[in-house]
Amino acid sequence: MQLEPEDEQILNGEYGETRQKMMELLVGLGKVFGAEELIPITSAQVSGASYKTIGEWGLEWLRKMDAKVVVPTVLNPIGMDRLRWKEMGIPEDFAKKQNEVVEAYKKLGIELECTCTPYYLSITQFGEHLAWAESSAVCYANSVIGARTNREGGPAALAAAIIGKTPFYGLHIFKNRLPDVGVVIDDPSELKDAADFGALGYVAGKSIGNRIPFFTGIRPNRDQLKAMGAAMAASGAVALFHVDTITPETRFPTFKKDVPETIEVSMAEVREVFSSMDVDAVAVGCPHLSPAELESLGDLLAGKKVTKPFFVFAARGVIADHPQAVVTIERSGAKVYADTCVVVSPALDRYDRIMVNSGKALAYVPTMCGAVARIGTLEECVTVATS
């Protein structure tokens with residue numbers, strides 16, 4: 001791998017042990033994947049932020065770090081709302097450890113925006129090189145925005161944030177971003193809500209795996225694209241997808257639409273994902289709600305009262321920018337929390353059956369929360385929570 005002189009100095013330990021180890025990690029990763037060089041990145045998003053997922057070993061590893069990030073960097077959701085954790089019912093011992101994790105990241109210069117939707121907080125441009133780690137954020141950045149990032153592990157994303165570069169391989173290279181499997185839906189007119197597209201992604205992701213799909217015949221909006229991509233990233237390992245004439249790269253003359261294989265997803269399969277089972281709690285915002293989704297939820301809950309625990313998750317910046325929607329939501333008895341989500345917080349572990357509005361949560365809740373999950377539209381979630 002060809003390194004710049006300063007990178008060589010970092011690798012030789014001239015800028016401290018932490019930077020040396022981070023450079024060793026990036027160089028090793030680059031060699032594994034055949035990268036010939038490192039390229040600059042404009043931002044990073046680091047996973048492994050919830051104490052529920054990284055535990056004591058991860059915390060001790062972070063404490064040994066002695067460096068600062070050199071590009072704008074945010075965290076993935078942590079295990080609790082940093083300001084309202086008591087209200088969430090988080091045990092004090094967990095909160096103490098979680099705060100220690102957050103403090104360790106803060107010392108590294110990472111912004112304390114803990115979200116899986118960093119693209120709502122700052123502008124990410126088409127063609128920018130990133131080092132993002134959370135699967136749904138990676139999928140959205142690559143597909144909907146047209147930025148370029150591999151699906152980084154937490155340590156690799158942190159290393160890239162500290163060095164300011166990442167190995168040039170995989171989805172950073174245009175020729176590797178072309179589709180290799182087509183997806184058609186037998187009756188796309190039935191796809192109307194983000195939850196429908198989430199269910200589609202949940203079903204399709206199982207067949208697609210880690211390939212790059214090319215969808216035809218559908219016209220999802222941005223929230224629906226987010227839901228579909230997040231579900232495919234969770235039920236499969238999709239880091240990039242294309243939708244004909246909708247996602248930006250499909251409109252390039254150099255984009256090749258020919259694929260060696262096409263799979264068909266029937267709406268009957270998608271409908272089977274939905275159920276009518278009774279639930280103990282409702283949780284929406286996995287991925288975190290967009291500004292439009294937060295406003296819509298406020299409209300749906302206006303004048304109503306919830307009869308079940310109703311958890312709402314969004315980025316702190318989005319919550320701050322939409323105070324009236326938040327007030328309306330919380331007047332109903334629902335709670336709007338920042339920094340965390342249904343998947344990484346222990347707050348939801350006490351429920352056996354949880355209703356969600358996303359295919360991503362549908363895939364992760366059983367393993368991460370030990371609960372049975374039911375998917376529904378945002379409107380259906382409100383109906384269940386208030387009936």
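Q: Buried means under 20% relative accessible area. In this predicted model, which residues on the two sides of strand S11 (residues 281-284) are buried?
A: In a regular strand, the side chains alternate between the two faces of the sheet. Both faces of strand S11 are covered in this model. On one side the buried residues are Ala281 and Ala283, and on the other they are Val282 and Val284.

Q: Which residue of strand S12 stands opposite Val284?
A: Strand S11 has parallel pairings with strand S14 (residues 353-356), through three bridges, and with strand S12 (residues 310-313), also over three bridges. In the pairing with S14, Val282 faces Met355. In the pairing with S12, the residue opposite Val284 is Val312.

Q: Which strands stand at the edges of the open sheet with the order S4-S3-S2-S5, each with a single partner strand?
A: Strands of a sheet pair through backbone hydrogen bonds, either parallel or antiparallel. Here the four strands are paired in the parallel sense, and neighbouring strands are turned by 25° against each other on average, direction ignored. An edge strand has a single partner, so one side of it is left without a neighbour in the sheet, and this applies to S4 (111-114) and S5 (130-132).

Q: At about what angle to S2 does helix H7 run?
A: Strand S2 (residues 43-46) is joined to S5 by three bridges in a parallel pairing, with Ser43 opposite Leu130 of S5. Helix H7 (residues 154-163) lies across both of these strands and also across S3 (73-75). Its direction relative to S2 is about 150°.

Q: Which are the edge strands of the open sheet with the order S9-S8-S7-S10?
A: The four strands of this sheet pair in the parallel sense, and one of these pairings joins S8 (residues 213-215) to S9 over two bridges, with Phe215 opposite Val243. Helix H8 (residues 194-208) lies across S7 (181-185), S8 and S10, running at about 145° to S10. The strands that pair on one side only are S9 (242-243) and S10 (262-265).

Q: How do helices H9 and H14 lie relative to each other, roughly parallel or roughly antiparallel?
A: The axes of H9 (residues 222-235) and H14 (residues 359-368) come within 7 Å and cross at roughly 30°. Angles under 35 degrees count as roughly parallel. The orientation of H9 to H14 is therefore roughly parallel.

Q: How many residues of the contact of H9 with H14 are nonpolar, polar and charged?
A: Helix H9 contributes Ala230, Ala231, Ala233, Ala234 and Ser235 to this contact, while H14 contributes Gly359, Lys360, Ala363 and Tyr364. Tyr counts as nonpolar in this grouping, and Gly as polar. The residues divide into six nonpolar, two polar and one charged.

Q: Which cysteine holds the sulfur closest to that of Cys116, and how far away is it?
A: The structure holds zero disulfides. Cys114 is in none, its nearest cysteine sulfur, in Cys116, being 11 Å away. A disulfide needs the two sulfur atoms within 2.5 Å, and the closest partner for Cys116 is too far for a bond: the sulfur of Cys341, at 6.0 Å.

Q: What is the relative accessible area of Cys116?
A: Burial applies to Cys114, which has a relative accessible area of 1%. Cys116 is buried because its value also lies under the 20% cut-off. For Cys116, the relative accessible area is 1%.

How values were computed
Residues are numbered from 1 along each chain as its sequence is written. This is a predicted model: local features need pLDDT of at least 70, side-chain atom pairs count only at pLDDT 80 or more; totals for chains, interfaces and linings use all residues. Side-chain values use heavy atoms; hydrogens and water are left out. Two strands pair if DSSP finds at least two bridges between them. Axes are lines fitted to C-alpha atoms, for helices over the stretch in contact, and angles run from 0 to 180 degrees between N-to-C directions. Contact means heavy atoms within 4.5 Å. Angles under 35 degrees count as roughly parallel, over 145 as roughly antiparallel, 65 to 115 as roughly perpendicular and the rest as oblique. Buried means under 20% relative accessible area, exposed over 50%, partly exposed in between (1.4 Å probe, protein chains only).
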